[in-house]
Amino acid sequence: MTRLWGKCRRLFGRNRLSQQDAAQLVDTLYRKLLLRAPDPSGLETYTALLREGGATVAHVLDALMTSPEFFANRAELAQRCYPHQRDGFFADISQFGEVSTLLRAMIDMSCTNKILVDVGVMGRSGSNSYDLLRWFGWQGLLVEANSGLIGSIKAQFGPLNYRIVNSAVSDHAGTATLHIGSSDGVSSLNEGHSRMFGATRGSITVELETLPAILEREQIPLHFDLLSIDIEGEDMKVLSHLIASSPYRPNWIIVEAGDVGDYRAGSLPLIAAFDELYEAVGQTQANLIFRRRGLVAALYGAAPA
């Protein structure tokens, strides 16, 4: 990164760059900041802007470093640039890493077995399970319908403590068609849902299983700590089926719900028993986070004073 910054400084003062300098710089920035080779359109656009004076090096740096892709890669970038701080969960600026240690201890106090189930895992980028596996020592069951992603999931999650199930999840067993979306993250059993994000790239036949059947076969405890569901349009169906047909009651649930505004009981197509058993405790751009009612009392005997 130091060499990259030195090269940028040498080029900052120029109004225009040669074709070779511009192309080489764009290629270097992509590889160092986004951890990949530039796509043809990005290489062409930024090279032309730098060559013709339509943008400065600072403009290109700003565009790449404020992109969602750079944000998603921040953990891997930190790991590459600061390998001596491999045990840091985030950019901890405490004296000797006390905050990271404190967070681990606090999370341990809010769970019972440190077991998670990630349905629709897809990969490490955007994962709701990787950080808990990597930094907090959890065990995981990763479920992915697309057989073409299993190899990359294994490569990205490496030697962490997890098992993978290659199966699609619904409220019934059988076979179905998985429509491969414009990106892997929007592949769906519902073709209309997948096409909302652009033309599909094909389809594959997949085996369907219910979530309770998978959990029972894999010997997951009834009150495992975290369930994350992101299966593009099937989420509420699967969650309702889990509550209605099984004794499984995860302590924490993250489920993709889209833009639902402020959550209130009955605002999602979930069975009524769900809101009797769970309370919403957080919300992000696309997901809701629920906690099992009574969990605090079960952990501490009573709500903390």
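A good place to enter this predicted model is strand β7, which is covered on both of its faces. Leu226 and Ser228 point to one side, Leu227 and Ile229 to the other, and all four of these residues are buried. Keep this strand in view, and the sheet around it can be built up step by step.

On one flank, strand β1 (residues 115-119) runs parallel to β7, and 4 bridges join the two. If you want a single pair to look at, take Asp118, whose bridge partner in β7 is Ser228. That serine is also one of the buried residues of β7. Turn next to β8, which pairs with β7 in the parallel sense, again over 4 bridges. Here Leu226 stands opposite Trp252 of β8.

Continuing outward from β8, the sense of pairing changes. Strand β8 (residues 252-256) and strand β10 (residues 287-292) are antiparallel partners over 5 bridges. Within this pair, Ile254 faces Ile289 in β10.

Now step back to the whole sheet. It is an open sheet of 7 strands with mixed pairing, and its order is β3-β2-β1-β7-β8-β10-β9. Why is one side of β3 and of β9 left without a neighbour in the sheet? β3 (162-166) and β9 (278-283) stand at the edges and each has a single partner strand, so one side of each has no neighbour there. Between neighbouring strands of this sheet, the average turn is 15°, with direction ignored.

Two helices that pack on this sheet are worth finding next. Helix α9 (residues 150-157) touches β2 (139-144) and β3, and its direction makes about 170° with that of β3. Helix α12 (residues 235-245) touches β7 (226-229), β8 and β9, and its direction makes about 150° with that of β8. With α12, then, you are back at the strand where the tour began, since β7 is among the strands that this helix touches.

The loops that lead into β1 and β7 each hold a residue with a notable backbone angle. Lys114 sits in the loop between α7 (98-109) and β1, and its phi is near 55°, a positive value in a residue other than glycine. Lys114 is partly exposed, at 23% relative accessibility. Gln219 is found in the loop between α11 (211-217) and β7. The phi of Gln219 is also positive, near 60°, and this residue too is not a glycine. Is Gln219 buried or exposed? With a relative accessibility of 71%, Gln219 counts as exposed.

There is another sheet to explore. This one is open, has 3 strands in the order β4-β6-β5, and shows mixed pairing. Its edge strands are β4 (168-170) and β5 (174-180), each of which pairs on one side only. Neighbouring strands here are turned by 50° against each other on average, direction ignored. Looking more closely at one pair, β4 and strand β6 (residues 202-210) run parallel and are joined by 3 bridges. Val169 has Glu209 of β6 as its bridge partner.

Let us move to the helices at the start of the chain. Ser18 lies in the loop between α1 (2-12) and α2 (19-34). A polar atom of the Ser18 side chain lies 3.1 Å from the backbone nitrogen of Asp21. Ser18 is partly exposed, with a relative accessible area of 36%. For a sense of distance, compare the C-alpha atoms of Ser18 and Cys111: they are 93 residues apart along the chain and separated by 58 Å.

Helix α3 (residues 40-52) has 13 residues, and from its first C-alpha to its last it reaches 18 Å, close to the 18 Å expected at 1.5 Å a residue. Gly42, Tyr46, Thr47, Ala48 and Leu50 are buried in this helix, and the buried residues of α3 pack against α2 and α4 (57-65). Just after α3 comes Gly53, with a positive phi of about 85°.

Finally, take in the chain as a whole. Its secondary structure comes to 14 helices and 10 strands, and the C-alpha trace spans about 65 × 50 × 40 Å along its principal axes. Of its 305 residues, 39% count as buried. The chain exposes about 16300 Å², of which carbon and sulfur atoms supply 53%. Among contacts between residues at least 6 apart in sequence, 62% join residues at least 24 apart.

Conventions. Residues are numbered from 1 along each chain as its sequence is written. This is a predicted model: local features need pLDDT of at least 70, side-chain atom pairs count only at pLDDT 80 or more; totals for chains, interfaces and linings use all residues. Side-chain values use heavy atoms; hydrogens and water are left out. Buried means under 20% relative accessible area, exposed over 50%, partly exposed in between (1.4 Å probe, protein chains only). A polar contact is a pair of N or O atoms within 3.5 Å; within protein, one must be able to donate a hydrogen and the other to accept it, and residues adjacent in sequence count only if both atoms are side-chain atoms. The expected span of a helix is 1.5 Å times one less than its number of residues. Contact means heavy atoms within 4.5 Å. Two strands pair if DSSP finds at least two bridges between them. Axes are lines fitted to C-alpha atoms, for helices over the stretch in contact, and angles run from 0 to 180 degrees between N-to-C directions. Accessible areas come from the Shrake-Rupley method with a 1.4 Å probe; for residues, only the protein chains shown count as cover.
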